[in-house]
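This report goes through one protein chain and its bound metal, taking local backbone features, the metal site and helix packing in turn. Please keep the sequence and the structure in view while reading.

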Amino acid sequence: MPVVNTLPEARRELALASRIAVNEGVLDTFGHISMRHPDNPKRYFLSRSSAPDMVTADSLIEYDLDSQAVRPHDHAEYSERVIHGEIYKARQDVMAICHHHSPAFMPLLATATDYVPVYHLGAVVAANPPWWDQHDEFGDTIMLVREPAEGASLARALGQHQMVMMRRHGITIVGSSVRDCTYRAVQSCRNADYLVRALSIGKAASLSPGETELAGQITGKTTGLTRSWDYWAMQIARAGGLSTSATGTNRPKRHPAAKKAAAKRGKKRGKKRRR
Ligand SMILES: [Zn+2]
């Protein structure tokens with residue numbers, strides 16, 4: 001797997017992960033992916049408040065673990081950033097976090113149905129990940145995790161697991177790298193989708209505990225992660241997404257025909273003005 005060597009490369013990879021997560025149905029208008037600062041474990045990067053499909057390397061804000069921006073800025077921030085800060089505080093091994101409200105999971109979250117892997121890639125998170133219900137500790141809230149105490153409570157529920165199921169809200173999933181976290185987020189969403197569909201037909205057969213453990217090692221032991229990342233990144237590139245520079249802009253590449261038409265329009269306008 002190619003190694004990310006510099007901070008600009010790491011920032012660009014996080015922006016790309018955000019685009020991939022949108023393209024693969026994990027994120028939509030809401031939700032976010034963060035990464036721990038590669039050189040400073042007491043800091044992390046998360047985009048300013050923006051649709052995940054518009055995140056660039058330039059839109060990342062550097063936070064301390066209390067989720068306070070390290071440098072002053074005048075951008076709006078994600079209100080649920082304490083999820084990231086409190087988990088980085090509690091789990092030294094976690095290098096990336098994704099919080100999402102994917103439609104694939106919502107039926108499970110609404111019915112308190114446990115997540116079980118129904119095919120091998122679903123084992124990227126173990127069977128029966130823990131649950132967290134904000135109401136248990138905090139009563140009626142606006143259902144967003146905005147207070148440090150709420151983030152810390154969620155981090156406690158996550159414990160040493162890979163993923164925590166947030167009742168009637170969403171999912172928080174962690175990884176040992178941005179790519180690892182993205183891979184687990186995408187594959188677990190696929191599995192959740194299959195699980196819900198299977199349950200609508202009848203009883204869903206899950207992998208055995210032994211199969212889950214063995215298949216769960218896929219990420220670390222095979223080329224599946226690299227192959228998936230390359231494929232997903234290619235889809236973004238084909239769509240004219242993230243630029244190849246570390247400080248890429250959001251502007252999609254124009255189709256050559258559209259470029260030609262715009263040039264023609266420009267010429268006509270010029271002629272009119274001259275008249
Ligand atoms: Zn949320």
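## A loop residue and the overall model

Where is the place of alanine 112? Alanine 112 sits in the loop between α3 and β5 (131-132). The model is a predicted one, and in it alanine 112 has a positive phi of about 55 degrees although it is not a glycine. With a relative accessible area of 36%, alanine 112 is partly exposed.

The protein chain contains 10 helices and seven strands, and buried residues account for 45% of its 275 residues. Of the contacts in the protein chain between residues at least 6 apart in sequence, 66% join residues that are at least 24 apart.

## Serine residues in loops

Serine 67, found in the loop between β3 and α2, also carries a positive phi, of about 65 degrees, although serine 67 is not a glycine. Its relative accessible area is 2%, so serine 67 counts as buried, the cut-off being under 20%.

Serine 49 belongs to the loop between β2 (43-47) and β3 and is partly exposed, at 38% relative accessibility. Although serine 49 and alanine 76 are 27 residues apart along the chain, their C-alpha atoms are separated by 5.3 Å. When residues up to four places away in sequence are not counted, serine 49 touches Ala76, Glu77 and Tyr78.

## The zinc site

The zinc ion has as its protein donors Glu80 through OE and His99, His101 and His169 through NE2, and these lie 2.0 to 2.1 Å from the ion. Along the chain the donors follow the spacing E-x18-H-x1-H-x67-H. Glutamate 80 lies in the loop between β3 (60-64) and α2 (82-90), while histidine 101 lies in the loop between β4 (96-100) and α3 (106-111), and the pair therefore ties together parts that are 21 residues apart in sequence. These two donors can also be described by their accessibility: glutamate 80 is buried, with a relative accessible area of 4%, whereas histidine 101 is partly exposed, at 22%.

Why does the arrangement of the four donor atoms around the zinc ion count as tetrahedral? The angles that the four donor atoms subtend run from 95 to 125 degrees, and the arrangement is tetrahedral because four donors qualify when all angles lie between 85 and 135 degrees. For reference, the ideal angle for four tetrahedral donors at a metal is 109.5 degrees.

## A buried histidine in α2

Histidine 84 is found in helix α2 and is buried, with a relative accessible area of 0%. Not counting residues up to four places away in sequence, histidine 84 touches His32, Ile33, Ser34, Tyr44, Leu46, Ile97 and His99. One of these contacts, His99, is among the protein donors of the zinc ion.

## Packing of helix α1

Two packed helices are described by the angle between their axes and the distance between the axes. For helix α1 (residues 7-23) and helix α6 (residues 178-201), the axes come within 10 Å and cross at roughly 5 degrees, which makes α1 roughly parallel to α6. In this contact Glu13, Leu14, Ala17 and Ile20 of α1 meet Val178, Arg179 and Thr182 of α6, and by class the residues involved are four nonpolar, one polar and two charged.

The axes of α1 and helix α9 (residues 224-238) come within 9 Å and cross at roughly 85 degrees, so α1 is roughly perpendicular to α9. Here Glu13, Leu16, Ala17, Arg19, Ile20 and Asn23 in α1 meet Trp229, Trp232, Ala233, Gln235 and Ile236 in α9. The residues of the contact of α1 with α9 divide into seven nonpolar, two polar and two charged. Glu13, Ala17 and Ile20 of α1 are listed in the contact with α6 and also in the contact with α9.

How values were computed:
Residues are numbered from 1 along each chain as its sequence is written. This is a predicted model: local features need pLDDT of at least 70, side-chain atom pairs count only at pLDDT 80 or more; totals for chains, interfaces and linings use all residues. Side-chain values use heavy atoms; hydrogens and water are left out. Donors are N, O and S atoms within 2.8 Å of the metal (3.2 Å for Na, K and Ca); water is not among the atoms, so sites may look incomplete. Four donors count as tetrahedral if all angles lie between 85 and 135 degrees; four count as square planar and six as octahedral if opposite donors are over 155 degrees apart and all others between 65 and 115; anything else is irregular. Helices (H or I, at least four residues) and strands (E, at least two) are DSSP runs, numbered from the N terminus. Buried means under 20% relative accessible area, exposed over 50%, partly exposed in between (1.4 Å probe, protein chains only). Axes are lines fitted to C-alpha atoms, for helices over the stretch in contact, and angles run from 0 to 180 degrees between N-to-C directions. Angles under 35 degrees count as roughly parallel, over 145 as roughly antiparallel, 65 to 115 as roughly perpendicular and the rest as oblique. Contact means heavy atoms within 4.5 Å. Ala, Val, Leu, Ile, Met, Phe, Trp, Tyr, Cys and Pro count as nonpolar, Asp, Glu, Lys and Arg as charged, and the others, Gly among them, as polar.
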